[in-house]
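Here's a small set of exercises to help you find your way around a new structure. Keep the viewer open, try each task yourself, and then read the solution.

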Amino acid sequence: MGLMLLNREQREQKMLAWAYVGLWVFVTAFLWAPSRDGLEGIYALAFFIPLLLVLPWRKPDLQKYGGWFTAIALAYAGWSLLSGVWGGDVGYLVLQWLVLAVWLAGAAWVLQKKSIDWDIFLRWFVLIGAATAVINIAVFYWSHPLAARMEGITIARAPTLVGQVYGVVVLIGILLSWRTDCFKCALGLSLACIPALAALGLSQSRGPLLSLVIVVIIGLFWLRPTWKILLVQVSTALLGLLAIVAIFPLDQLLLGRGASFRDQIWLDVIRQMHASPTLFLWGVGMSDVTDIQTSIGEYHHAHNAWLDIGYRTGVIGLGLAVVHLGLLLWSARRHWQLAPLTLWLIYGCGCLFVDSRSLFWEIDVKWLLYWIPAGLLAASLMPRKVLPVRSRLNG
């Protein structure tokens, strides 16, 4: 009540300080929050509530809230919400639209008002990820054989989700190590990646691993790291690979599972869309029930976020999602200092290609793969008075 009695400027300053810290807490919470409900509670308290006390009372200004990046993202979310009319559920989707809108517009507003040092922010993300990876590995393998696929104790419960989350940690650690002229700093960041890389390997998740390899290769040509740190990293990776080959039966762990029925699920979904012009144009509609009937059984989603978007919202929804992604990547292509965020988004898209449901959904791991880097990247690409971003670590 006392906050509402303050004048607008005082209230904005207090909420800005709250939401700035809350942004840090919320993003890192994807690594340590014990459950999805817990993560949503963190988001509500750390970011959503303070921004609700500010944004509705401000004069609408698209440039301060993420510009066309936010507008197109919310157009996609809006169409997904509208599809709930024929999908059978609207009320649930209204809340999800509001949650996403506050994140995208709020992140842009906060980062325009208060600058952030991305190297420090992401370095803390890597360190927290390393710590949680060690704890996760210890807890799981205390009661499971080493050959078991590692499951998580946080929001990333399933092995695939474990691989996706810790793949982000590994990627960011590698990219930061390439952006510094300090060899000791680069070496330290590389060592911090080892627990997360171990967690990714122990999850036996092929999609995140393949996405990581592809994005690291893209980053190699974009950032052009020094040969010294690259030699250390490649040598360590080769030794680790040899150790894994010697210990684990990779032909069974990675290759024996085949495509895990994904190819058949994708084919059946595409056939259903092709058979119905209505389904092709605007989809079956969004609903809190996401089951899909295929020739090999019932699945909760299409195991491909982009195909799932097309199935539920048609080419209209898929087109808006692709435009949003394309605009972000095209705008970020020359911003070398934002490479970690850009490559994080590309990695997430790769992971989502072989797993997950529609992007317009509740806060879970897919947010870490798409909406978190997309929101932070859009906020950083918007013109502002002051946004110092260090291009090198001080060490």
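**Exercise 1.** Find which residues of α2 meet which residues of α5.

*Solution.* Start with the α2 side: Glu-12, Leu-16, Ala-19, Tyr-20, Leu-23, Phe-26 and Val-27. Their partners in α5 are Trp-103, Ala-107, Trp-109, Val-110 and Lys-113. Contact here means heavy atoms within 4.5 Å. Next, sort by class: the contact of α2 with α5 has 10 nonpolar, no polar and two charged residues. Ala, Val, Leu, Ile, Met, Phe, Trp, Tyr, Cys and Pro count as nonpolar, Asp, Glu, Lys and Arg as charged, and the others, Gly among them, as polar.

Before you go on, a word on what you're looking at: this is a predicted model, where local features need pLDDT of at least 70 and side-chain atom pairs count only at pLDDT 80 or more, while totals for chains, interfaces and linings use all residues. Residues are numbered from 1 along each chain as its sequence is written, and side-chain values use heavy atoms, with hydrogens and water left out.

Helices are DSSP runs (H or I, at least four residues), numbered from the N terminus.

**Exercise 2.** Work out at what angle α2 and α5 pack.

*Solution.* Helix α5 covers residues 91-113, and α2 packs against α5 at an angle of about 115°, with the axes 10 Å apart. The axes are lines fitted to C-alpha atoms over the stretch in contact, and angles run from 0 to 180 degrees between N-to-C directions. Now put a word to the angle: α2 and α5 are therefore roughly perpendicular. For reference, angles under 35 degrees count as roughly parallel, over 145 as roughly antiparallel, 65 to 115 as roughly perpendicular and the rest as oblique. Last step, the hand: the crossing of α2 and α5 is left-handed. That is the case if the near helix is turned anticlockwise from the far one by less than a right angle; clockwise would make a crossing right-handed.

**Exercise 3.** Do the same for helix α6 (residues 118-141) and helix α8 (residues 183-203).

*Solution.* The axes of α6 and α8 come within 8 Å and cross at roughly 40°. The two helices, α6 and α8, are therefore oblique to each other. The crossing of α6 and α8 is left-handed. On the α6 side, look for residues including Val-126, Ala-130 and Ile-137; on the α8 side, Leu-189, Ala-192 and Leu-202 are among them. Split by class, the contact of α6 with α8 has 14 nonpolar, no polar and one charged residue.

**Exercise 4.** How many salt bridges are there? Trace some of them.

*Solution.* The count comes to six salt bridges, each a side-chain nitrogen of Lys or Arg within 4 Å of a carboxyl oxygen of Asp or Glu.

- Go back to Glu-12: Glu-12 pairs with Arg-58, with the closest N and O atoms 2.9 Å apart. Arg-58 lies in the loop between α3 (36-52) and α4 (67-87) and Glu-12 in helix α2 (residues 8-32), so the pair ties together parts 46 residues apart in sequence. Arg-58 is buried at 11% relative accessibility, and Glu-12 is buried too, at 8%. The cut-offs: buried is under 20% relative accessible area, exposed over 50%, and partly exposed in between (1.4 Å probe, protein chains only).
- Glu-362 and Arg-36 form another salt bridge, with 2.7 Å between the closest N and O atoms. Glu-362 sits in the loop between α15 (339-353) and α16 (365-381) and Arg-36 in helix α3, 326 residues apart. Glu-362 is buried at 12%, whereas Arg-36 is partly exposed at 38%.
- Asp-308 and Arg-312 meet at 2.7 Å, N to O. Both lie in helix α14 (residues 305-332), four residues apart, about one turn of the helix. Asp-308 is buried, and so is Arg-312.

**Exercise 5.** Is Arg-224 buried or exposed? And what about Ser-356: buried or exposed?

*Solution.* Find Arg-224 in the loop between α9 (206-223) and α10. Phi of Arg-224 is near 50°, a positive value in a residue other than glycine. At 65% relative accessibility, Arg-224 is exposed. Then move to Ser-356, in the loop between α15 and α16. Phi of Ser-356 is positive as well, near 85°. Ser-356 is buried, with a relative accessible area of 8%.
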